[in-house]
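Trainee: Please take one strand of this chain and go through it closely. I would like the cut-offs too.

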Amino acid sequence: AVHIYLDQHPDDWQKGDIRWDMDVVDGNWDTNEESVRLTVSTKDLPSGKHIVYVQVIDSLDYAGPVSSAFVTFVQESAQVQEASSSP
């Protein structure tokens, strides 16, 4: 399994914190190396700089090392422009 944590280190993760589980591309966790993917909508996540942590758990439940990266979410808001016309 591959877990992605938002703004919370895996060692500090608690129920209710944001965590996503990545999907294996071929549908089977059956080799030493796998390609994984994750699609996440950021529309409900707060704008700004965040840290993402990634951790792999193997078939024997061994938790591998934690990797991390900074990401920035930018929420675009709809802007309404007033228009006027002259006769």
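Mentor: What follows is a close look at strand β1 and its partners.
This is a predicted model, where local features need pLDDT of at least 70, side-chain atom pairs count only at pLDDT 80 or more, and totals for chains, interfaces and linings use all residues. Residues are numbered from 1 along each chain as its sequence is written, and side-chain values use heavy atoms, without hydrogens and water.

First, the setting. The chain has 6 strands and 0 helices. Helices (H or I, at least four residues) and strands (E, at least two) are DSSP runs, numbered from the N terminus. Of the 87 residues in the chain, 20% are buried. Buried means under 20% relative accessible area, with a 1.4 Å probe and protein chains only.

Now β1, residues 2–6. Here 5 of the 5 residues are buried, so the strand is largely enclosed by the rest of the structure. In a regular strand, side chains alternate between the two faces of the sheet. Both faces of β1 are covered. Val2, Ile4 and Leu6 are buried on one side. His3 and Tyr5 are buried on the other.

Next, the partners. Two strands pair if DSSP finds at least two bridges between them. β1 and β5 (residues 48–56) run antiparallel, joined by 5 bridges. β1 also pairs with β2 (residues 19–21), in the antiparallel sense, over 3 bridges.

Histidine 3 ties the picture together. In β5, histidine 3 stands opposite glutamine 55. In β2, its bridge partner is aspartate 21.

Note on methods
Buried < 20%, exposed > 50% of the residue type's maximum accessible area, 1.4 Å probe, protein only.
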